[in-house]
Amino acid sequence: MFAITQPDTQLSDHIQHQINNKTKPLGALGQLETVALQLALIQQTEKIEIIHPHLLVFAGDHGIAQHGLSIAPSEVTAQMVANFLAGGAAINCFCRTNDMALKVIDAGIKVEPEDHPNLVKQRLGHGTEDFSQYAAMTKSTVLQALQYGADVVEKLSQKSCNLVGFGEMGIGNTSSAAAIMAALLNIPADECVGRGTGIDDQQLQRKVDLITQALDLHAERLSDPLSILANVGGFEIAQIVGGMLKAAENKMTVLVDGFISTAAAMLAVSMYPEANHYFIYCHCSEESGHQRMLQHLNATPLLSLGLRLGEGTGAALALPLLRSACCFYNEMASFEDAGITV
């Protein structure tokens, strides 16, 4: 579905020389230098910049949530979508603070929200099936989800946006992300499952048991990313995968948020390894399993703030670091410019 190529590396030495010759010791700006190099390779221009950055929050409900695996019922998904659209959530605050546009995508929540200028309706149903008993969705639904996610990003690209962050909302989606992780890495559920929104020990054990049951039920059909999405995925996760892949195809920078968004990134990279060159991993979540995901992707996150909210909050908080990387790369004097001899 996608034509993704890694950035041309012919300029790597030139870009690294530019970074090394700024008025600082070698490597003194740490990860900011890595970010600047990655952005310069993606953009292939002398001056790097972030243009019309957007944060996309994909929302979907999950049938498995009926088992009480969260501190909140599924109805809270729709309530939080309303909160996003009213501007009252953490992600709204961080996007406003960091001059980042925000769009909410209804990928398939239980209750269809009213129309809103910042809402995109791409509904695939009223939530997935309970994947501990049935396939979460059909393979054709997965393909539609990938296309829907790609369509949103393509429209942004046509308006000159060159950076997009991905967030999510959906009661039960840490269960889906944990099942995806277990299936991709071929490890037991108890190595992937965390407390999500803050569940107690009894709920945690039920969550492990149900995901283990699901992995056993679908074991013969977890052989590839599309099948994993069909059997244990979520509508919002599948659309995020499509959006990430379209962004990589269009040579846009992708900000990957926490546990659920990283599950989508793992699927995307499993399908198209070249896509990972366009991904910047924004933070290490407190959710159990996220650090192992990042290690699998050979990713060093920019932030470690103890976040476990989702919504794309880590992506929005990381944006100022990317802007700082652009600024030092574009404007910081070289030793020659400053007349400094070393």
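**Close-up 1. Helix 7 and what covers it.** In this predicted model, helix 6 is part of what covers the buried residues of helix 7. Those buried residues are Gln203, Leu204, Lys207, Val208, Leu210, Ile211, Ala214 and Leu215. Helix 7 runs for 17 residues, and its first and last C-alpha atoms are 24 Å apart, close to the 24 Å expected at 1.5 Å a residue. Look at the start of the helix too: there, a side-chain oxygen of Asp200 comes within 3.2 Å of the backbone nitrogen of Gln202.

**Close-up 2. Gly196, in the loop between helix 6 and helix 7.** Here we're in the stretch that links helix 6 (173-185) to helix 7 (201-217), which is where Gly196 lies. Gly196 is buried, with a relative accessible area of 9%. Setting aside residues up to four places away in sequence, Gly196 touches Thr174, Lys207, Glu287 and Arg308. Lys207 also turns up among the buried residues of helix 7. How far apart in space are Gly196 and Phe259, C-alpha to C-alpha? They sit 9.5 Å apart, with their positions 63 residues apart in sequence.

**Close-up 3. Helix 10, mostly covered.** Helix 10 takes in residues 259-271, and 11 of its 13 residues are buried. The buried set is Phe259, Ile260, Ser261, Thr262, Ala263, Ala264, Ala265, Met266, Leu267, Ala268 and Val269. What about its length? At 1.5 Å a residue, 13 residues should span 18 Å, and the end C-alpha atoms are 19 Å apart, so the two agree.

**Close-up 4. Phe279 and the largest nonpolar core.** The largest nonpolar core holds 78 residues, and Phe279 is one of those with the most contacts inside it, along with Leu56, Phe166, Met244 and Tyr281. Apart from this core lies another, of 43 residues, which includes Ala40, Phe84, Met100 and Leu302. Back at Phe279, and leaving out neighbours within four places in sequence, the contacts are Gln38, Met244, Val254, Val256, Ala265, Ala268 and Val269. Ala265, Ala268 and Val269 are among the buried residues of helix 10. As a general point, nonpolar side chains in soluble globular proteins tend to be buried together.

**Close-up 5. Glu311, the UniProt "active site" residue.** An unreviewed UniProt entry lists Glu311 under "active site". Glu311 is found in the loop between helix 11 (290-296) and helix 12 (313-331). Is Glu311 buried or exposed? With a relative accessibility of 4%, Glu311 is buried. Not counting residues up to four places away in sequence, Glu311 touches Leu55, Val57, Met80, Phe84, Ala89, Ala90, Ile91, Gly167, Glu168 and Asp257. One of these, Ile91, offers its backbone nitrogen to view at 3.3 Å from the Glu311 side chain. Another, Phe84, belongs to the core of 43 residues.

**Close-up 6. Cys95 and Cys282, two cysteines without a disulfide.** A disulfide is a covalent bond between the sulfur atoms of two cysteines. How many disulfides does the model have? The count is zero. Cys95 is in no disulfide, since a pair needs sulfurs within 2.5 Å and the nearest cysteine sulfur, that of Cys93, is 9.6 Å away. Cys282 is in no disulfide either: for Cys282 the nearest cysteine sulfur is that of Cys95, at 12 Å. Both residues are tucked out of reach of the probe to a degree that counts as buried, with Cys95 at 3% relative accessible area and Cys282 at 0%.

Key. Residues are numbered from 1 along each chain as its sequence is written. This is a predicted model: local features need pLDDT of at least 70, side-chain atom pairs count only at pLDDT 80 or more; totals for chains, interfaces and linings use all residues. Side-chain values use heavy atoms; hydrogens and water are left out. Buried means under 20% relative accessible area, exposed over 50%, partly exposed in between (1.4 Å probe, protein chains only). UniProt positions are given in the numbering used here, feature names are shortened, and annotations may be inferred rather than shown by experiment. Helices (H or I, at least four residues) and strands (E, at least two) are DSSP runs, numbered from the N terminus. Contact means heavy atoms within 4.5 Å. A polar contact is a pair of N or O atoms within 3.5 Å; within protein, one must be able to donate a hydrogen and the other to accept it, and residues adjacent in sequence count only if both atoms are side-chain atoms. The expected span of a helix is 1.5 Å times one less than its number of residues. A nonpolar core is a set of buried Ala, Val, Leu, Ile, Met, Phe, Trp, Tyr and Cys residues joined through side-chain atoms within 4.5 Å.
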